[in-house]
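This report describes the pockets of the structure shown below. It deals with the residues and elements that line them.

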Amino acid sequence: MAVLPILTYPDERLKRFSEPVERFDAELAAFIADLEQTRLAGPGAVGIAAPQVGRAQRIVIVDVSKMKRPVPNHGYLVLINPEITHWEGHEPGREGCLSVPDFTGNVIRATRIHLKAQNPQGETVEFDMEGFEARAVQHEMDHLDGLLFLDRVVSRRTDVFRRKVYEKNS
Amino acid sequence: MNHWYMLTLVGEDSPGIVADVTHALFEGGCNLGEASMIRLGGNFTIMLMVQTRLSRIELDELVRPAADARHLLVHVDSIEGRLHQHAEPDVQITVYGADRAGIVAQVTGVLAAAGLNILDLDSAVGGSSDKPIYIMSIEGQAAQGIEALEQALEPVREGGIEVSVTPIDTMVG
Ligand SMILES: [Zn+2]
């Protein structure tokens, strides 16, 4: 296993569209192991996508199970060819990216999603997700379409009271 | 040898100020760092990090024509650049209430005593002139934890000011 170099913006490979995975073999498994090593080496990263290490394939890893303030989660997830089939609600939240050092911004994401993907064995898996985990998946899936959170960032001044309203309702 | 300066411009707002000033800086060979431009009341304000070989006085002279044409006050200070060292906030605090003297001092005072290091603050006066509302948004680092801030804010809330404290969990991926 190896920690792979992370591409940082403005590397144009981050702006490419990634292709679906078709072969679920030992090479894929080895790459996933490297990708996870790379995520763990990144400071505080809860997710990573294959294009961030220069592989233009639809592979992401998300794991929000180790948060200081625990959030609803499905543990360590390898999502291959992921697709969101249902969105619900939206809320702003702060995001940063291994590929965009020293900057964070507020991004509006769906609060709840239904997700279909394949696991490393090629089997279909489905999840209902919410909140922070759903945010992480949406951020990583953007990488597969050549999008960065910078493409979606909203002003810090615009969400002054939205969170409070959300808290009251939840 | 390049130096960093903080260039501050203040005056009556009018369309095109930022374009005029930054054009003059570009023509004068300056690089720009971070900037914050905001209208406070009807006033234009900008603070702009400028990197240049010019002296403080030469930089002042460079922006003078654009500034004088719009009756803007110009101020230049020598600073350290310190880029690429953003501190990440872990809490957001929003405050609002009927405007009265001392809100900011009271709120920021209790927050400072409870360990808050403010990284970003902006405030506005809304409502009408006979019923003004003060609205403030703060982001910072809670050195003693968020619970300490909540406790410290109790007396402020009892005084009729609405305060919400929300943790910021930055998602990095
Ligand atoms: Zn990212």
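## Character of the largest pocket

The lining of the largest pocket is made up of 16 nonpolar, 11 polar and 11 charged residues. The structure is a predicted model, and the pocket in question encloses about 1,200 Å³ of space. Its lining counts 38 residues, and those closest to the pocket centre are B:E34, B:S36, B:H86, B:L119 and B:D120.

## Where the lining of the largest pocket comes from

Chain A contributes to this lining through β4 (100-118), which supplies at least two residues. From chain B, at least two residues each come from β2 (31-40), β3 (43-52), β6 (116-127) and β7 (132-142). The largest share, 6 residues, belongs to β6(B).

Two domains of chain B take part as well: domain 1 (3-79) and domain 2 (91-167) each give at least three residues to the lining of the largest pocket.

## The second largest pocket

The second largest pocket holds about 790 Å³ of space. It is lined by 31 residues, of which A:P43, A:G44, B:D169, B:T170 and B:V172 are the closest to its centre. By class, the lining of the second largest pocket has 16 nonpolar, 6 polar and 9 charged residues.

In chain A, α1 (26-41), β3 (77-97) and β4 each provide at least two residues of this second lining. The largest share here is that of β4(A), with 5 residues. The strand β4 of chain A thus appears in both linings, with at least two residues in that of the largest pocket and 5 residues in that of the second largest.

Technical notes. Residues are numbered from 1 along each chain as its sequence is written. Chains are lettered from A and ligands numbered from 1 in the order in which they are written. This is a predicted model: local features need pLDDT of at least 70, side-chain atom pairs count only at pLDDT 80 or more; totals for chains, interfaces and linings use all residues. Side-chain values use heavy atoms; hydrogens and water are left out. On a 1 Å grid over the protein atoms alone, a cavity is a set of points where a 1.4 Å probe fits but cannot get out, and a pocket is an open set with protein on both sides within 12 Å along at least five of seven lines; lining residues have an atom within 4 Å of a point. Grid points are joined across faces, edges and corners, and a volume is the space filled by probe spheres set on the points. Helices (H or I, at least four residues) and strands (E, at least two) are DSSP runs, numbered from the N terminus. Ala, Val, Leu, Ile, Met, Phe, Trp, Tyr, Cys and Pro count as nonpolar, Asp, Glu, Lys and Arg as charged, and the others, Gly among them, as polar. Domain bounds come from an automatic or database domain assignment.
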